[in-house]
Amino acid sequence: MLSTAAADCRFCQGNGLLADEPLGGNRFFYMLGSIDPDMPHAVMIILRRHVEDPFEIRPEEWAELGEMLVMAKAYLASSGPDGFTLGWNVGAAAGQHVFHVHLHVVARFAGERNAGKGIRAVIRG
């Protein structure tokens, strides 16, 4: 497994700041469950190598992201979602708070408050 750690990054493995136990992973990525009480049916797919955004992901890393999406969908399947929202927040202006590349995978449900509203509703809201 390839891993690099920034001393102060809470998503880097190997620096002692990662408080959660990964739910799974592959050579380039690992997956964490949501700790946000407002989003209990969500996971994050996190690159093991420390880079800030998906524009820095290498081709060989992109090739293994699909395996992680399958893993995320399987993990969230027990909650019976009706759909999913996938999202990257890139840069502070876009809402990125942890500057280590991570993809949000959020289970969506027909009866939820924002049912039928995609990412554009969030941006426009």
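In the predicted model, the chain contains 2 helices and 5 strands. Read from the N terminus, these elements follow the order β-β-β-α-β-β-α. The C-alpha trace spans about 40 × 30 × 30 Å along the principal axes of the chain. A compact globule of 125 residues would have a radius of gyration near 14 Å, and the value of 15 Å found for the chain therefore agrees with that expectation. Of the 125 residues in the chain, 33% are buried.

One annotated region is also relevant to the description. In an unreviewed entry, UniProt lists residues 10-115 under "domain: HIT". Across residues 10-115, helix accounts for 17% of the chain and strand for 24%. The C-alpha atoms at the two ends of this stretch are 32 Å apart.

The strands were examined next. An open sheet is formed by 5 strands, arranged in the order β1-β2-β3-β5-β4 with antiparallel pairing. The edges of the sheet are occupied by β1 (24-25) and β4 (83-87); each has a single partner strand, so one side of each is left without a neighbour in the sheet. In the sheet order, β5 stands between β3 and β4.

The pairing of β5 can be followed residue by residue. Strand β3 (residues 42-47) is joined to strand β5 (residues 102-108) by 5 bridges, and the two run antiparallel. Within this pairing, Ile-45 has Leu-103 of β5 as its bridge partner, while Met-44 is partnered by His-104 of β5. On the β4 side, β4 and β5 pair in the antiparallel sense, again over 5 bridges. Here the bridge partner of Gly-87 in β5 is His-104. His-104 is thus a bridge partner of both Met-44 and Gly-87. Strand β5 is mostly covered, as 6 of its 7 residues are buried.

Attention then turned to the surface of the model. The largest pocket has a volume of about 1,200 Å³. Its lining comprises 42 residues, and those nearest the centre of the pocket are Asp-36, Met-39, Ala-42, His-104 and Val-106. Two or more lining residues are contributed by each of β2 (29-33), β3, β4, β5 and α2 (119-124). The largest share comes from β5, which gives 5 residues to the lining. Sorted by class, the lining of the largest pocket consists of 21 nonpolar, 13 polar and 8 charged residues. His-104 accordingly appears in two parts of this account: His-104 is a bridge partner of Met-44, and His-104 is among the lining residues nearest the centre of the largest pocket.

A further residue was considered outside the strands. Asp-53 is located in the loop between β3 and α1 (59-76). The relative accessible area of Asp-53 is 16%; because this value is under the 20% limit that defines a buried residue, Asp-53 is classed as buried. Asp-53 and Gln-96 are separated by 43 residues in sequence, yet their C-alpha atoms are 9.3 Å apart in space.

Technical notes: Residues are numbered from 1 along each chain as its sequence is written. This is a predicted model: local features need pLDDT of at least 70, side-chain atom pairs count only at pLDDT 80 or more; totals for chains, interfaces and linings use all residues. Side-chain values use heavy atoms; hydrogens and water are left out. UniProt positions are given in the numbering used here, feature names are shortened, and annotations may be inferred rather than shown by experiment. Helices (H or I, at least four residues) and strands (E, at least two) are DSSP runs, numbered from the N terminus. Two strands pair if DSSP finds at least two bridges between them. On a 1 Å grid over the protein atoms alone, a cavity is a set of points where a 1.4 Å probe fits but cannot get out, and a pocket is an open set with protein on both sides within 12 Å along at least five of seven lines; lining residues have an atom within 4 Å of a point. Grid points are joined across faces, edges and corners, and a volume is the space filled by probe spheres set on the points. Ala, Val, Leu, Ile, Met, Phe, Trp, Tyr, Cys and Pro count as nonpolar, Asp, Glu, Lys and Arg as charged, and the others, Gly among them, as polar. The radius of gyration is taken over C-alpha atoms; the globule rule is 2.2 Å times the number of residues to the power 0.38. Buried means under 20% relative accessible area, exposed over 50%, partly exposed in between (1.4 Å probe, protein chains only).
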